[in-house]
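Here is a short report on charge pairs, cover and cysteines in one model. Please read it alongside the structure.

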Amino acid sequence: MVVNDGSSGDKESIFKEAEKYAVVLHHSKNMGKGRALKTGLEYISKSFPSDCLVVTMDADGQHALEDAERVCKAAEENPGCLILGSRRLSKNVPFKSLFGNTITRFIYRLSTGLNIYDTQTGLRAFKGSLISELLKISGERYEYEMNVLLECSRKNIPIKEVEIKTIYIAENQSSHFNAVKDSYRIYKEIFKFSSSSAASFVIDYSLYSLLSLFGLGLIFSNIAARAVSACANYTLNRRLVFKSNADIKKSALQYFILAAFILTGNTLVLNFLTSCLGLNRYAAKLFTEIIFFALSWFVQHKLIFKRKTDTESERRKAECL
C-alpha cells in the first residue's frame, strides 16, 4: 500500500505505476507524514484482520526489502512489541542525520529511561492489534513517530530493535524534514517535563531567595518555597506533562509523600553544603536542585503518573518478554 501525501503532478506517473502492484491512497494536499501514516493505518484496520502484520517504510529509498522482511518476522515472533529497524549510524552518515539522531536519542532516554538507538527510523513493524492504540496518538507531521515512541513508553508497550542497513542516497537530499519546524514538533513533547520542572524551580528559587533576603532563615525559607512550588509542579505534571489518568487522590498522596521525602533530603543536603562545606547558600541551592530533579522525574514517571494499562497491554508485554 502506498500513500500519496499531496505530491506534485509530475509524480503522477510514479503512482500510476505503483497502482499495478499496490493500493494507492491519495491526499489532495500535503498533510504530513503522521497523517499519511494514520491514513494507511485506518485503511488497514478496516480492510484486514487484527492479527495481520504491518510494516511501515519511508519513500526515500533508505530501507532495503530484506530489512523490511526481517522486521516483519520479528513482529511475528514478538506480537506485543513495536519493532524498529535500527540503523547503526556511522561516520559515513550525513552530519545532519547523525547529529539529529544522537541528540534525539539522548533526550528520549532522559525522558523515558529507555535506550533506543535509532529513534528516527521509519522502518517499523507491529501486529494489527496495535493500530487502535497508534491511531489515538497525536501528531500529524514528523513529530508523530516520536510521539509513538513516547506513548509506547508510557503505556508499557515494549519496543524491540532489529539492526538494518544504513542507506543514504545523495546525502539524504530528498528528505522533506525541516530542521527548525520539525525538530520543534519532535522535541516539544519531550521538553514538557523539563519545562514543568523549570517553572517550578523558578517559583521555588525565587521564593527561597526572597524569604532569605528578609532574614527568615535557611530552613524555613527552603520549606516554604518547596511547599508552594510542589503544588504548582503536581498540577502541571498531572495535567500537561504525563496527562495521567491515575486516581487524583492516590497520585496526589504519592506525590506529596515524594515531595516530603525530597524536601527533607533537599534541606539536609542544603544544610550540609552550607554549614559543613561552607558553600554559598545560593550555589548550594542550585547544586541540590539538580540532584533531586533527577530523582523526582524518575519516581513520577515510573510510579506516580504511570498510565493505567488495560489487560490487552499487559498481555502484549508478557508476550514480548
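Buried means under 20% relative accessible area, exposed means over 50%, and partly exposed lies in between (1.4 Å probe, protein chains only). This is a predicted model, in which local features need pLDDT of at least 70 and side-chain atom pairs count only at pLDDT 80 or more, while totals for chains, interfaces and linings use all residues. Residues are numbered from 1 along each chain as its sequence is written, and side-chain values use heavy atoms, with hydrogens and water left out.

**Surface patch**

Leu-213 is exposed, because its relative accessible area is 67%. Its place is in helix H7, residues 181-213. Helices (H or I, at least four residues) and strands (E, at least two) are DSSP runs, numbered from the N terminus. Leu-213 joins Leu-210, Phe-214, Leu-216 and Phe-220 in a nonpolar surface patch of about 580 Å². Patches take residues with over 30% relative accessible area and no salt bridge; like charges are joined within 9 Å, and nonpolar side chains (Val, Leu, Ile, Met, Phe, Trp, Tyr) within 5 Å. Accessible areas come from the Shrake-Rupley method with a 1.4 Å probe, and for residues only the protein chains shown count as cover.

**Salt bridges**

Side chains of opposite charge can pair when their charged atoms come close. A salt bridge here is a side-chain nitrogen of Lys or Arg within 4 Å of a carboxyl oxygen of Asp or Glu. The whole structure contains 16 salt bridges. Three of them are tabulated, including their closest N to O distances.

| Pair | N to O distance |
|---|---|
| Lys-33 and Asp-58 | 2.8 Å |
| Asp-67 and Arg-70 | 3.5 Å |
| Lys-155 and Glu-133 | 3.0 Å |

The Lys-155 and Glu-133 pair links distant parts of the chain, 22 residues apart. Lys-155 sits in the loop between helix H6 (143-154) and strand E6 (159-164), and Glu-133 sits in helix H5 (residues 131-135). Lys-155 counts as buried, because its relative accessibility is 15%. Glu-133 is buried too, at 11%.

Salt bridges with shared partners also build one network from Arg-35, Lys-38, Glu-42 and Glu-140.

Asp-67 and Arg-70 both lie in helix H3, three residues apart, or about one turn of the helix. Asp-67 is buried at 5% relative accessible area, whereas Arg-70 is partly exposed at 39%.

In the Lys-33 pair, Asp-58 is partly exposed, with a relative accessible area of 22%.

**Helix H6**

How many of the residues of H6 are buried? Twelve of its twelve are, so the helix is mostly covered. Among them are Tyr-144, Met-146, Val-148, Leu-149 and Leu-150. Charged residues are on the list as well, including Glu-143, Glu-145, Glu-151 and Arg-154.

The length of H6 agrees with expectation, because twelve residues at 1.5 Å a residue should span 16 Å and the end C-alpha atoms are 16 Å apart. The expected span of a helix is 1.5 Å times one less than its number of residues. Just after H6, Asn-156 takes a positive phi of about 60 degrees.

**Cysteines**

A disulfide is a pair of cysteine sulfur atoms within 2.5 Å. The structure holds zero disulfides. Why does Cys-52 form no bond with the closest cysteine sulfur? That sulfur is in Cys-72, and at 9.8 Å from the sulfur of Cys-52 it is too far for a bond. Cys-52 counts as buried at 15% relative accessibility. Cys-276, by contrast, is exposed, with a relative accessible area of 57%.
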